[in-house]
Structure formats: C-alpha cells, structure tokens
Amino acid sequence: MSIRTALRADLEPTVEAFSQRLVDNLWHIHGQAIQSADMHDVYMTLCYTVRDHLIERWRKTVKAQFAANSKCVCYFSAEYLLGKQLPQNMLYTETTEIARQALVPYGLDINELVALDVEPGLGNGGLGRLAACFLDSLATLDIPAIGYGIRYEFGIFKQTFQDGWQVERPDDWLLYGNPWEFPQPSDMVQIGFGGHVESTAGKDGHIRRNWIPQHSIFGEPCITLVPGFGTTTVNILRLWRARATEEFDFQLFDVGDYARAVEKKVYSENISKVLYPNDVASEGKQLRLQQQYFFVACSLQDIIRLFRMFNDDWELFPKKVVIQLNDTHPVVAIPELMRLLVDDHQLGWDEAWNVTRQTFAYTCHTLLPEALEKWPLELFGGLLPRHLEIIFEINRRFLDEVRTRFPGEEDRLQRMSIIEEGAERQVRMAHLASVGSFAINGVAELHSQLLRDRTLRDFAELWPEKFHNKTNGVTQRRFLRLSNPRLSELITSRIGTDWLNNLDALRDLESYADDPGFRSQWREIKQANKHELGNLLRKSTGVSADTTAIFDVMVKRLHEYKRQLLKALHILTLYRRLKANPGAEIVPRTFVFGAKAAPGYAMAKLIIKLINNLGQVINHDPDVRGRLQVLFPPNFNVSMAEKIYPAADISQQISMAGKEASGTGNMKFALNGAITVGTLDGANVEIREHVGAENFFLFGLTVGEVLDLKHRGYHPRDYLDACPELKDVLDSIAAGDFSQGNTSLFQPIVDSLVHHDDYLLLADYPAYIACCELAAEAYRNQDQWTRMSILNVSRSGFFSSDRSMRQYCQDIWNVQPVASE
C-alpha cells in the first residue's frame with residue numbers, strides 16, 4: 001500500500017479511523033500516550049487530527065487551481081476576525097460527531113476540548129469579521145482566493161475593567177502555539193525601509209531609479225487553511241510575521257550589553273506585535289505605516305512569485321490576479337506594485353501603470369473624514385522615499401488628466417490631488433486608491449450613494465463607471481448554524497439544510513410564522529439561549545441576569561458616532577422615572593453592552609466608564625430590582641458574540657444617519673431573530689426593506705435631515721431647553737449621581753453634548769425614547785413579537801456573504817469557480 005493510499009484510508013470518516021489517527025498524532029507530535037496526556041495536549045492533537053482532513057482537500061484544491069492557471073482573488077486586509085477554528089473546521093469536515101464518539105472511550109468530553117480553542121487575535125471589529133466571512137464564502141463558492149495580512153503576536157488587546165475603566169492587557173493568543181497554521185520560512189521575503197534613491201543607467205540606456213533602503217527585515221509567511229462548506233475547496237489565509245535580518249549581535253553580547261545585542265530583533269519584530277498601535281505619538285504613526293507597507297510588500301512579492309510560475313507576459317497579470325483593498329490600510333500596495341514593475345522588472349511607466357490600474361479594486365468602508373487615512377509627507381518620505389517619488393509622478397499625470405477633463409477648475413484640482421497642501425502636506429490614501437483602482441465600492445446602498453454624492457464625489461464625476469455598491473453580508477454557517485444550534489435544528493426540521501449554502505431558502509420559514517406550535521418552540525429556544533447567555537454574564541460580570549426580561553443589546557466597537565451614549569441616556573431616563581415613581585409599571589429590561597475603545601480614544605473610554613458606573617448604581621438599587629439591569633461583560637469578541645446574538649430580543653443599531661458604512665452586527669442579530677431598533681443608516685435601510693417596516697422599530701433624523709439641520713446651524717442647548725426630562729438626565733450625570741459625588745469625572749461628556757453634540761444625540765433623543773417604549777410595549781404581546789422574530793430570520797436571505805461574494809465575482813473581479821476533485 002502506498003503512503004498516499006494509507007493516508008487516505010486513515011482519513012476515512014469513521015470513528016475507528018479518527019480514533020487511531022488521534023492516538024497516532026498524540027504520539028508523533030506531542031510524544032504522549034492518550035492515557036497520560038493532559039487536556040491541552042489532547043486539544044492540540046484533536047486540532048491536528050481535524051486539520052489532517054483539511055490537508056487532503058487543500059492538496060486537491062492546489063492541484064486543480066494550478067492546472068487551471070485561473071484568475072485568483074487576493075484579498076488585502078489589515079485584520080481578520082476569524083473566531084474559534086475547531087468547531088467550524090469539524091463542521092466543515094463533517095467530523096464533529098465522529099470526534100465526539102472517538103473521545104468517549106477515553107473519558108473525554110468534546111465540549112471541554114472545544115472550550116480550550118483560542119480565538120486568533122488577528123482583528124478588532126466589523127472590518128476583520130467581514131474579511132473572515134468573505135474568505136469563508138469564497139471557499140464555499142470554489143473561487144480561487146488568498147487572504148493576505150499580518151500575523152499579529154498579540155492582536156488588538158484583551159479588555160479588562162478596573163473600577164469601571166477599560167484596561168488593555170496583551171492578548172497572548174499564541175502562548176501555547178497555534179495548531180491551525182503552517183509556518184513557511186522557506187518562502188520568507190525581504191523588504192526595506194528608509195534610505196535613499198539613486199539614479200543609475202539601465203541596460204536599455206534609460207535612467208533608472210534605485211532604492212537603497214537603510215535597513216531591512218524579513219517577512220515569514222504562516223498559512224491558515226480556509227475550507228469551504230459543502231465542497232472540497234480549501235483556500236488559504238497567508239499572514240506575515242516580521243523577522244529580523246540580524247537577530248543577535250554577538251560582540252555586544254560578549255561585552256555584557258545584552259539589551260543592545262538583541263535590539264535589532266526587537267525593533268524589527270515590533271511590526272507584527274499588535275494590531276493598530278496607538279498612533280497618538282509619532283512613533284505609533286510610524287509603526288502603523290511600517291505595518292501597512294510590510295504586509296503589502298511581502299504579499300506582492302508572493303503574488304508575483306506565484307504568477308511567474310505559470311506566466312511570462314505581464315499583460316496577463318490583471319487577467320490572473322485581482323487585488324481587493326479592504327479599506328485604506330493596504331493602499332500603499334499601489335505604489336509598491338509600480339516600484340516592483342518599473343524598478344525591479346524593468347517595465348516602462350505606461351505599461352506598469354496599465355497593469356496596476358487593472359489589478360486593484362478598492363472597498364471604502366467609511367464616511368468619516370478622520371478614517372480616510374492621510375500620511376504626513378515627512379513621515380512617508382522618510383520611510384518610503386521611492387514610493388513618495390512614484391506617488392508624485394502618479395499625481396502629476398492624474399492632475400493633467402483632470403485639467404483636460406475639467407479645464408480651468410483649479411479648486412477641483414486641489415480637492416482631487418493625492419497630495420493635500422497645507423501647513424503639513426499629506427498623502428491622501430483614499431485618493432490614491434481611487435486613482436489606482438479600476439473599481440471602487442461602498443458596502444451598503446446608502447453608503448455607496450453617499451460615497452458617490454459626497455465623500456468621493458469628484459472621482460465619481462470623473463469616473464462614474466468605477467463606482468459600485470456591494471452590500472455586506474455574513475456567513476450563516478458561523479452566525480446561525482454554529483452559534484445558534486437550537487434554532488438551526490428547528491429550522492432544518494422544517495425546511496431542510498439548503499439554507500446552509502443558499503440563505504434565501506429561509507424564506508420557506510415564513511409559512512410557519514402563524515403556526516402556534518412553531519411559535520412556541522421558537523420562544524422556548526430564545527429562552528434557552530437567554531439562559532445560556534445569562535450563565536456567561538454571571539461568570540464575567542458577577543451579576544445574575546434576569547432572563548425573563550427583554551434582552552436589549554448593543555454590542556459593537558465603541559465610537560461616538562455609533563451612539564452608545566444615546567443608549568446610556570435612555571437607561572438613565574428609565575432609571576430616573578422609576579426613582580421618581582417607584583410603583584410605575586414598566587416592561588423589565590436587561591441591557592447588555594459589549595465594546596472596546598481604541599487605547600488612545602479618551603472620550604470613548606470615558607463613555608465605557610459611565611456605562612459601567614450606571615450598572616454599578618442600577619444593579620444595586622432595590623427600587624429597580626427586577627425591572628432594570630445593566631451588564632457590560634469585558635473583552636467582546638467573536639466567541640462572546642456567538643452567545644449574544646442568539647439571546648438578544650432587541651438589536652440596537654442607532655448610529656447617526658450618514659455615519660455607519662454598513663454594519664454587519666445588525667445582520668447577525670436579525671438572522672438570529674432579534675428585532676432592530678434603529679436609524680436609517682448603513683445597511684439598516686436594506687434590512688428594514690427586506691424584513692418589512694412593520695418588523696423594525698425606526699426612529700431618528702434621516703441623512704437629508706441631518707445635513708439640513710447642520711447646514712442651518714445646530715444648537716444642542718435648544719433641544720435641552722425643550723425637553724425637561726433630558727435636562728434632568730444630564731443634570732444627574734453632572735451632579736455626580738453616578739460618580740460617587742465627583743462632579744468633574746463625567747463633565748467632559750456633558751460639555752460635549754451641551755456645546756457640540758456632533759452626532760445629534762439630543763436632537764434624536766425624544767424620538768429614540770418613544771421608539772424604545774414602543775418596542776417594549778410590543779414585547780408584551782409575545783405571539784406577535786415571535787411572529788416578528790420569525791419574519792426577521794426568514795427574510796434575511798439577502799444578507800449572506802455568499803451573495804456578496806457572487807456579486808463581487810460577477811461585477812468587479814470577473815473570476816470563475818474552480819472545483820477540485
């Protein structure tokens with residue numbers, strides 16, 4: 001029997017074969033017998049055994065894709081929020097039940113092993129989770145794709161609370177190793193920083209520019225397998241970790257200067273230590289730019305290596321490769337590809353630019369001006385001098401094109417220039433992306449419209465054909481099948497399993513919305529999910545959640561435009577009403593928050609402190625016991641989200657209209673039967689259209705009304721004077737009622753609202769309070785509420801990331817599936 005035949009026989013999906021493979025891997029990898037191994041050794045070995053089932057599929061995928069020499073999607077993202085890998089990979093390899101049975105003879109519980117699975121610290125929020133959903137869908141659709149990014153050693157941070165304040169701790173997710181990755185040091189690449197540029201004569205007699213970096217580092221790739229569901233396709237996520245070119249100075253060590261002996265190693269490897277280092281200080285800004293260039297430079301060398309394995313003609317490059325830029329973080333890839341083509345591969349400028357502009361597509365994820373990255377020229381030129389030269393030349397030629405199209409419009413030239421003039425000249429990365437990409441897309445209908453009409457209006461007028469909308473989506477495999485197994489089983493018992501690959505099949509549930517028996521089962525499942533979340537909340541907060549109350553939930557990155565503070569004002573309003581009238585009857589509510597604030601974002605951290613202090617007061621006040629609770633578990637991540645989404649009754653999506661790009665949490669809540677309280681912002685607009693206006697609680701100013709109000713002049717104090725209840729709430733905060741009498745602690749919040757209120761909380765406050773009360777009253781009618789919940793799920797088919805990826809493939813990337821054996 002050949003080795004391959006033996007391996008295939010060993011991977012037969014039987015309990016006996018799996019058990020034997022598990023025992024063999026425990027010996028071969030950990031040198032342990034299963035009888036004496038500790039739980040962590042067994043967990044790691046279980047991961048390796050499941051991974052073995054993926055490897056054979058990966059081999060077939062690579063063989064098929066290489067044979068086809070097909071076009072490949074290269075997805076560039078600064079973050080990937082993957083979630084735990086073991087349960088997903090067991091689902092996708094159909095080994096969950098087999099593994100469970102294989103472990104029973106050894107007295108091992110698979111749930112205890114799954115609990116040891118570590119969530120990779122590679123992302124922060126919606127951007128990273130979207131990237132993970134997209135990779136999942138691309139593999140499921142058999143699309144050749146590689147995700148590229150950074151293998152962060154400590155990720156974003158582990159959030160803890162001390163006296164209500166956010167404290168950042170290292171997320172040491174790699175402490176015990178990562179069983180899902182394949183380090184590939186033989187594919188290391190070298191990149192440079194700093195230095196200077198020289199002119200040299202090329203072989204063709206033309207003057208060539210040659211970058212001489214001041215220092216260099218290695219990028220070592222680590223591969224994580226990305227399987228598709230219901231297919232044998234396994235794509236890859238290729239993440240780079242920084243390695244020093246000189247790790248150790250023996251001479252310095254020999255004379256006792258131990259710190260400086262490893263200084264270069266520490267400096268180099270800082271690049272892949274943490275996600276989004278605090279950029280308040282100049283050192284943080286420099287590290288961020290280094291990170292961005294590091295991963296795109298490594299990735300482009302890898303892409304070119306793969307391209308050259310099968311192709312010699314550079315004109316074929318855009319026919320074989322499409323690079324999707326996930327926001328502005330990887331946009332420095334545009335001048336880097338130009339540098340590689342012009343300087344290293346000796347293409348002429350025009351030929352290189354044609355290749356580059358046909359290769360990149362750009363997704364803009366924001367409407368916030370501060371999130372459209374800009375880099376000071378001094379910093380950019382100091383780190384990447386050749387790239388700045390290339391950007392200047394791109395900009396010169398681009399502005400000539402604008403002059404030809406719009407003669408005499410000097411203001412337009414200033415607005416569109418890649419270089420922003422002013423006291424500190426800066427490179428506008430969103431402008432560079434718009435110039436250097438063949439497609440630009442927003443991520444929700446409203447967002448894409450605002451990109452065309454406002455944020456990138458000049459570029460849309462110049463190149464209207466470049467602009468697309470591709471509304472975001474989420475993978476139902478993780479955010480319904482894995483996170484909500486009870487509901488998944490009920491759904492499958494009625495309509496089968498087609499929904500796992502075709503979420504539109506959920507529409508068949510609609511016929512059960514008026515079935516009393518089905519509604520009863522639906523409510524029982526929601527209650528069981530709330531009980532399960534309650535156990536998690538008790539462990540993480542020390543508070544026993546009232547699972548009979550409405551679970552009113554707001555979990556998302558903490559930013560002022562998302563308006564967690566408006567939710568806090570609502571809670572305070574209810575609390576003040578009950579204190580004034582302790583006998584008042586209200587629908588009991590358990591408010592659940594989850595959010596991290598960027599380490600340098602002082603106001604966001606102060607809002608977290610306020611919410612925690614509200615909880616401390618309210619949860620210990622006997623006057624409101626059994627009626628109001630506030631719980632804020634620390635360190636919100638994918639694993640926690642998978643417990644929260646299935647248990648939520650109400651989903652709070654309350655950003656000021658015109659600020660949220662799309663949101664995907666809103667989709668996950670609706671997919672799990674939560675009813676949205678929200679504004680007409682981001683994908684809320686489309687969710688409301690799909691689930692029905694009668695199954696969505698709408699409030700707040702529209703985008704047009706926001707713009708009109710700000711144009712006329714917004715005076716928040718007018719709204720305060722017109723609403724005594726709102727004034728009472730803010731006075732309570734200012735008086736120190738929630739800061740142990742400290743009247744100065746939350747004064748910055750009060751001052752911000754009274755004097756600025758950039759996100760119109762006070763203007764939307766009355767409508768929001770009324771909307772929340774309408775939702776609470778609707779909850780009293782459990783039959784009608786359950787019907788609304790069922791219809792939210794049954795009408796969520798549009799919001800699958802599978803649909804998103806099909807649209808990208810057809811409308812932007814022009815790629816076709818390649819199925820393996």
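This report covers helix 22 and a set of salt bridges in a predicted model.

**Helix 22 and its cover**

Helix 22 spans residues 485-495. Its buried residues are Leu487, Ser488, Leu490, Ile491 and Ile495. They cover an arc of only 165° around the axis, so they sit on the same side of helix 22. What packs over them? The cover of these buried residues includes helix 21 (476-482), helix 23 (516-541) and helix 34 (782-794). Gly496 follows helix 22. The phi of Gly496 is positive, near 85°.

**Salt bridges**

How many salt bridges does the model hold? The count comes to 58. Three pairs are set out below.

| Pair | Closest N to O distance |
|---|---|
| Arg151 and Glu181 | 2.9 Å |
| Arg238 and Asp302 | 3.0 Å |
| Arg787 and Asp514 | 2.7 Å |

Take the pair of Arg151 and Glu181, joined by a salt bridge. This pair links distant parts of the chain, 30 residues apart. Arg151 lies in the loop between strand 2 (145-150) and strand 3 (158-162). Glu181 belongs to strand 5 (residues 181-183). Are these side chains' residues buried or exposed? The cut-off for buried is under 20% relative accessible area. Arg151 has 9% relative accessibility, so Arg151 counts as buried. Glu181 has 11%, so Glu181 counts as buried too.

Next come Arg238 and Asp302, whose side chains meet in a salt bridge. Here too the pair links distant parts of the chain, with the two positions 64 residues apart. Arg238 is in strand 10 (residues 234-244). Asp302 is in helix 11 (residues 282-310). Both Arg238 and Asp302 are buried.

The salt bridge of Arg787 with Asp514 leads back to helix 22 and its surroundings. Arg787 sits in helix 34, one of the elements covering the buried residues of helix 22. Asp514 sits in the loop between helix 22 and helix 23. The two residues are 273 residues apart, and the pair links distant parts of the chain. Is Arg787 buried or partly exposed? Arg787 has a relative accessible area of 24%, so Arg787 is partly exposed.

**A network**

Salt bridges also join into a network. Which residues does the network link? Its members are Asp350, Glu393, Arg396, Arg397, Asp400 and Arg403.

Conventions:
Residues are numbered from 1 along each chain as its sequence is written. This is a predicted model: local features need pLDDT of at least 70, side-chain atom pairs count only at pLDDT 80 or more; totals for chains, interfaces and linings use all residues. Side-chain values use heavy atoms; hydrogens and water are left out. Buried means under 20% relative accessible area, exposed over 50%, partly exposed in between (1.4 Å probe, protein chains only). Helices (H or I, at least four residues) and strands (E, at least two) are DSSP runs, numbered from the N terminus. The arc is that of the directions from the helix axis to the C-beta atoms. Contact means heavy atoms within 4.5 Å. A salt bridge is a side-chain nitrogen of Lys or Arg within 4 Å of a carboxyl oxygen of Asp or Glu.
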